[in-house]
Amino acid sequence: MMTPDEILSVEKEIVATLKNIYDPEIPVNIYDLGLIYEIDFTPDGVATIRMTLTAPNCPMADMLVEDVRREVAKVKGVESAQVILTFDPVWDKSMMSEEALLELNML
């Protein structure tokens with residue numbers, strides 16, 4: 001069983017991993033875009049990522065979800081990763097980080 005510090009460390013690595021995955025149509029990572037709604041990591045090594053897309057009809061949806069699942073599964077301490085795709089709430093620009101807004105000249 002993992003200690004709370006080890007769990008926190010793995011969660012930080014998951015966030016770092018998500019910051020290296022980019023929306024194919026926007027030059028900003030999916031974390032700063034606000035596409036990640038929830039990261040749930042349990043002491044037994046299961047990571048569940050609840051995320052959305054900028055548009056429900058995104059042609060790259062399957063690829064992006066699979067990228068997230070595959071990359072998070074590589075994080076040390078993660079035994080399995082699953083991604084739950086949701087459109088509730090619907091994504092909008094207010095969910096973007098300040099860095100993403102700056103990057104896209106929207107501030």
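## Close-up views of a predicted protein model

**View 1. P27, an exposed residue in a loop.** P27 is exposed, with a relative accessible area of 56%; exposed here means over 50%, so P27 qualifies. This proline sits in the loop that links α1 and β1. Like everything in these views, P27 belongs to a predicted model, not an experimental one. Which residues does P27 touch, once its neighbours within four places in sequence are left aside? The contacts of P27 are Y22, E103 and L104. Try finding A100 as well: 73 residues separate P27 and A100 along the chain, yet their C-alpha atoms are 8.9 Å apart.

**View 2. The whole protein, to get your bearings.** Step back for a moment and count three helices and three strands. Following the sequence from its start, you meet them in the pattern α-β-β-α-β-α. The radius of gyration is 14 Å, close to the 13 Å that the globule rule gives for 107 residues, so the protein is as compact as a globular protein of that length. Along the principal axes, the C-alpha atoms fill a box of roughly 45 × 25 × 20 Å. Buried residues make up 39% of the 107 residues. On the outside, the accessible surface comes to about 6,300 Å², and carbon and sulfur atoms account for 52% of that.

**View 3. How confident is the prediction?** The mean pLDDT of the protein is 94, and 100% of the residues reach 70 or more. Where is confidence lowest, and where is it highest? The lowest value belongs to helix α3 (residues 98-103), with a mean of 93, while β2 has the highest, at 98.

**View 4. The largest nonpolar core.** In soluble globular proteins, nonpolar side chains tend to be buried together. Here, the largest nonpolar core holds 30 residues, and I14, L18, I30, I49, V68, V72 and V78 touch the most other members. At least two core residues come from each of α1 (4-18), β1 (36-41), β2, α2, β3 (80-85) and α3. Helix α2 gives the largest share, five residues. Zoom in on I49 and, leaving aside neighbours within four places in sequence, you will find it in contact with I14, I36, E38, I39, V68, V72, Q82, V83 and I84.

**View 5. T52, a buried residue in a loop.** Is T52 buried or exposed? T52 is buried, because its relative accessible area is 0%, and the cut-off for buried is under 20%. This threonine lies in the loop between β2 (46-51) and α2 (61-73). Residues up to four places away in sequence aside, T52 touches L35, Y37, L85, T86, F87 and W91. Look at T86 in particular: its backbone oxygen lies 2.7 Å from a polar atom of the T52 side chain. The C-alpha atoms of T52 and D88 are separated by 8.1 Å, although the two residues are 36 places apart along the chain.

**View 6. D67 and its partner R70.** D67 is found in helix α2. Why does D67 count as buried? Its relative accessibility is 18%, and the cut-off is under 20%, so D67 falls on the buried side. The side chain of D67 makes a polar contact with the side chain of R70, at 2.7 Å.

Methods
Residues are numbered from 1 along each chain as its sequence is written. This is a predicted model: local features need pLDDT of at least 70, side-chain atom pairs count only at pLDDT 80 or more; totals for chains, interfaces and linings use all residues. Side-chain values use heavy atoms; hydrogens and water are left out. Helices (H or I, at least four residues) and strands (E, at least two) are DSSP runs, numbered from the N terminus. Buried means under 20% relative accessible area, exposed over 50%, partly exposed in between (1.4 Å probe, protein chains only). Contact means heavy atoms within 4.5 Å. A polar contact is a pair of N or O atoms within 3.5 Å; within protein, one must be able to donate a hydrogen and the other to accept it, and residues adjacent in sequence count only if both atoms are side-chain atoms. pLDDT is the predictor's confidence in each residue, from 0 to 100. The radius of gyration is taken over C-alpha atoms; the globule rule is 2.2 Å times the number of residues to the power 0.38. Accessible areas come from the Shrake-Rupley method with a 1.4 Å probe; for residues, only the protein chains shown count as cover. A nonpolar core is a set of buried Ala, Val, Leu, Ile, Met, Phe, Trp, Tyr and Cys residues joined through side-chain atoms within 4.5 Å.
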